[in-house]
Amino acid sequence: MDKPPGEMSLTELMECSVREMGKYRRKEPCNDQYCLEVLRRAIVERCEEAWLVLQKLFSESIRLWIGRHPSREAALRLEHEQTYMDDTFRRFWQAVSDQKLRFSTLGGALSYLHLCLNCAIMDTLRAYSRSTVEPMPDYHQGNHDEPFVVDRYHENELWHVIQSLLPGEKERRVAYLHFHCNLKPREIVRYCPDEFHSEDEIYRLKRNIMERLLRNADKIRWKLGNGDA
């Protein structure tokens, strides 16, 4: 009789996880408890070895998604496949750490990983698109790099202010995914099925967010203009 996942070594968990993920990709019944245990050790216990195992387990899925992405050719002209994989794992780790995400199914974890990849690709395409239309700095008219840095600073500062005004966890999640990651409601439902069940729910939360931000418009302007002092 197999040991419970919690009593297995990482080597044993890896072997079982590879087998079960193969079944998952073939749409066969599978036991996702092995992968979830690796996730738990990596995220909750902050086990570096478990995180490395997790990267090995999920890397093939990311490669498949990159290969199927509608902007694959444009994305790979700009960055190497490994760069997108590294950025995907970085975003995934930051999200599960900062937002304390927990997954009850393998499908939920993979959906969120897929979301992180899409954000990585979209951000890269947007960044390169901006760089092709921005004029070269005119060094005779002063340093034009500085306003760009200031804009990025205020963008991040604005995001922190918005977060502080949203008390509900779901509202903060929708604000992050919609306004910060530029995802549409249907994409949020698709990539986060464990958190949101319909586009109507997303639209309702968006209305709540906008109403709260409008009520606090003066406060937002004050914080951005004067700081908290």
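Me: Relative accessible area sorts residues into three classes: buried under 20%, exposed over 50%, and partly exposed in between. With that in hand, why does K3 count as partly exposed?

Reply: Happy to go through it, with the reminder that this is a predicted model. K3 has 38% relative accessibility. That value lies between 20% and 50%, so K3 counts as partly exposed.

Me: Where does K3 sit, and which residues does K3 contact beyond its neighbours within four places in sequence?

Reply: K3 belongs to the segment before α1, the helix of residues 10-25. Leaving aside neighbours within four places in sequence, K3 is in contact with M8 and E12.

Me: What makes the pairing of the K3 and E12 side chains a polar contact?

Reply: The distance between them is 3.1 Å. The cut-off is a pair of N or O atoms within 3.5 Å, one able to donate a hydrogen and the other to accept it, so the K3 and E12 side chains qualify.

Me: Now to the cysteines. How do you know that C35 is not bonded to C30?

Reply: C30 holds the closest cysteine sulfur to that of C35, at 8.1 Å. A disulfide needs the two sulfur atoms within 2.5 Å, so this pair is too far for a bond. C35 has a relative accessible area of 2%, which is under 20%, and therefore C35 is buried.

Me: Why is there no bond between C116 and C119?

Reply: The reasoning follows the same cut-off: their sulfurs are 6.5 Å apart, against a limit of 2.5 Å, so they are too far for a bond. C116 is called buried because its relative accessible area is 5%. A search of the whole structure finds zero disulfides.

Me: On to helix α3. How do you know that its span is close to the expected one?

Reply: Helix α3 covers residues 48-68, 21 residues in all. From first C-alpha to last it reaches 30 Å, and 30 Å is what is expected at 1.5 Å a residue. There is also a kink of about 35 degrees, centred on F58.

Me: Which residues of α3 are buried, and why is K56 called exposed?

Reply: The buried residues of α3 include W51, L54, L57, F58 and W65. K56 is in α3 too, but its relative accessibility is 59%, over the 50% cut-off, so K56 counts as exposed. K56 and V18 are 38 residues apart in sequence, and their C-alpha atoms are 9.4 Å apart in space.

Me: What makes K27 and R46 worth a look?

Reply: Their phi angles. Most residues other than glycine have a negative phi. K27 is not a glycine, yet its phi is positive, about 60 degrees; R46, also not a glycine, has a positive phi of about 55 degrees. K27 lies in the loop between α1 and α2, and R46 in the loop between α2 and α3. K27 counts as exposed because its relative accessibility is 77%.

Me: To finish, how many helices and strands does the protein chain have, and how much of it is buried?

Reply: The chain has eleven helices and zero strands. Of its 229 residues, 39% count as buried. The chain exposes about 14100 Å², with carbon and sulfur atoms supplying 51% of that area.

Methods. Residues numbered from 1 in each chain as written. Predicted model: local features only at pLDDT ≥ 70, side-chain atom pairs only at ≥ 80, totals over all residues. Heavy atoms only, no water. Helix = DSSP H or I, 4+ residues; strand = E, 2+ residues; numbered from the N terminus. Expected span 1.5 Å × (residues − 1). Bend = angle between axes of the 7 residues up to and from the residue. Buried < 20%, exposed > 50% of the residue type's maximum accessible area, 1.4 Å probe, protein only. Areas by Shrake-Rupley, 256 points an atom, 1.4 Å probe, with all protein chains shown as cover. Contact = heavy atoms within 4.5 Å.
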